[in-house]
Structure formats: structure tokens, C-alpha cells
Amino acid sequence: MPEQDDVEREFDIKWADGAEHKEPSARARMLAARWKENPPAPQPFRADPGPAGPRRSSWLSTTIVLGIVAAIILLLGYAQFRAPY
């Protein structure tokens, strides 16, 4: 019995996929209605990216990283100095 259900289901899927007219999705219908009144502006194939945000200078980033590394080294050295043997 389950084999017959699988065969019927496969037949239904093939029948549905072979339909000549397929209804568009809800999103496609919504966009078509919106674009009928207000079509979108044409976009180039590879549009230029927008302006990038301000970049942080490299010396500032280097200073921050080196400061954090120095703080960790000092913290570990202090913890080892205070540890009882």
C-alpha cells in the first residue's frame, strides 16, 4: 500500500511540474504590482560600492594591540610573581 502512495505522489509531482502555466509566487505578484506604478531605476551590472566609512589609522590599531599584549604580559608576570611555591 505505501508503494502505491509513493507512485501516486510521484505522478502528481510530475504532473504539477509539467504544467504549462505556473502561478507566480506572492512576492513576485507584489513586486509586479509595485513596479507597474513605480518602476525601479536601472542599475549597472557592477555598480560602484558606496563610500566606505572612515578608516582608523594603522598606528592607532598597532598601539592598541601592543598595549593589550603588554598588559597581558604584565598581568601574567605579576600573577606568577605572587604565586606561592
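Q: Is Ile 64 buried, partly exposed or exposed, and what is its relative accessibility?
A: In this predicted model, Ile 64 has 40% relative accessibility, so it counts as partly exposed. The cut-offs behind that are under 20% for buried and over 50% for exposed.

Q: Which helix does Ile 64 lie in?
A: Ile 64 is part of helix α3, which covers residues 58-82.

Q: Which residues make the nonpolar surface patch with Ile 64?
A: Trp 59, Leu 60, Ile 68, Ile 72 and Leu 76 join Ile 64 there. The patch comes to about 610 Å².

Q: And what is the accessible surface of the protein?
A: About 8900 Å². Carbon and sulfur atoms account for 63% of that surface.

Q: How much of the protein is buried?
A: Buried residues are 1% of the 85 residues.

Q: Switching to charges. How many salt bridges turn up in the whole structure?
A: The search finds 1.

Q: Which side chains meet in a salt bridge, and at what N to O distance?
A: Arg 29 and Glu 23, at 3.0 Å from N to O. In general, side chains of opposite charge can pair when their charged atoms come close.

Q: What about exposure, starting with Arg 29?
A: Arg 29 has a relative accessible area of 40%, so it is partly exposed. Glu 23 is at 63% relative accessibility and therefore counts as exposed.

Q: Back to the fold. How many helices and strands are there?
A: The protein has 3 helices and 0 strands. Read from the N terminus, the order of elements is α-α-α.

Q: Which element has the lowest mean pLDDT, and which the highest?
A: Helix α1, residues 2-17, is lowest with a mean of 67. Helix α2, residues 26-37, is highest with 93.

Q: What should not be read in detail where pLDDT is low?
A: The predicted coordinates.

Q: And what does the protein average for pLDDT?
A: The average is 81, and 82% of the residues score at least 70.

Note on methods. Residues numbered from 1 in each chain as written. Predicted model: local features only at pLDDT ≥ 70, side-chain atom pairs only at ≥ 80, totals over all residues. Heavy atoms only, no water. Patch = residues over 30% accessible without salt bridge, like charges linked within 9 Å, V, L, I, M, F, W, Y side chains within 5 Å. Areas by Shrake-Rupley, 256 points an atom, 1.4 Å probe, with all protein chains shown as cover. Salt bridge = Lys/Arg side-chain N within 4 Å of Asp/Glu carboxyl O. Helix = DSSP H or I, 4+ residues; strand = E, 2+ residues; numbered from the N terminus. Buried < 20%, exposed > 50% of the residue type's maximum accessible area, 1.4 Å probe, protein only. pLDDT = per-residue confidence, 0-100.
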